[in-house]
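Grab the viewer and work through a few short exercises. Each one sets a task and then walks through a solution.

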Amino acid sequence: MSISEQEQRNMERVKHWEWTWNNDVMRMVEECYAEDCEVSDMFRGRTFYGRAELRLIEEQMMALDASRRMEITNMVPCGNTVAIEMDAYWGDSTQAAKNCVFLTFNEQGLIVTDHSLSL
């Protein structure tokens with residue numbers, strides 16, 4: 001299967017998203033998400049709009065437990081969207097195994113929609 005330059009760029013952006021989610025969540029918000037992003041929160045069943053709301057929820061989550069880690073197990077690019085299968089860990093246990101995340105990117109390589117489903 002041949003992938004386009006856009007798809008290759010988006011897969012590299014997903015790797016950066018994973019690294020920042022694991023290492024510097026505020027950097028993730030600033031470097032990975034468009035100012036007018038839409039993020040579906042799979043755990044609370046809510047949708048957040050824009051970096052300011054995302055920043056606020058990430059601050060709250062980190063205050064509760066900053067031990068979180070993500071491991072991407074599969075990526076499938078399709079145009080401006082990448083489907084991702086990933087596991088999330090808090091502490092020593094898997095809390096959200098086999099999640100499916102759909103990240104859609106704009107022309108600048110920033111996430112405009114982040115829709116997550118827990119399988």
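**Exercise 1: Two cysteines and a search**

Cys37 has a relative accessibility of 1%, so it counts as buried. Keep in mind that this is a predicted model.

Task: classify Cys78 as buried or exposed.

Solution: start with the relative accessible area of Cys78, which is 57%. The cut-off for exposed is over 50%. Cys78 is therefore exposed.

Follow-up: how many disulfides does a search of the whole structure find? The cut-off to apply is a pair of cysteine sulfur atoms within 2.5 Å. The search comes back with zero.

**Exercise 2: Checking a helix**

Task: test whether the span of α1 agrees with its 19 residues.

Solution: first, the expected span is 1.5 Å times one less than the number of residues. For α1 that should give 27 Å. Next, take the end C-alpha atoms of α1: they are 27 Å apart, so the two values agree.

**Exercise 3: Around His16**

Task: find what His16 touches beyond its neighbours within four places in sequence.

Solution: locate His16 in helix α1, residues 5–23. His16 is among the buried residues of α1, a list that also includes Trp17 and Trp21. Its contacts are Arg27, Glu31 and Cys32. With Glu31, the side chain of His16 makes a polar contact of 2.7 Å.

**Exercise 4: A hairpin**

Task: describe how β3 and β4 pair.

Solution: β3 covers residues 69–78 and β4 covers 81–90; they run antiparallel, joined by nine bridges. Pro77 sits opposite Val82 of β4. Two residues lie between the strands, and Gly79 has a positive phi near 65°.

Terms used:
Residues numbered from 1 in each chain as written. Predicted model: local features only at pLDDT ≥ 70, side-chain atom pairs only at ≥ 80, totals over all residues. Heavy atoms only, no water. Helix = DSSP H or I, 4+ residues; strand = E, 2+ residues; numbered from the N terminus. Polar contact = N/O pair within 3.5 Å; in protein donor to acceptor, adjacent residues only side chain to side chain. Contact = heavy atoms within 4.5 Å. Buried < 20%, exposed > 50% of the residue type's maximum accessible area, 1.4 Å probe, protein only. Pairing = 2+ DSSP bridges.
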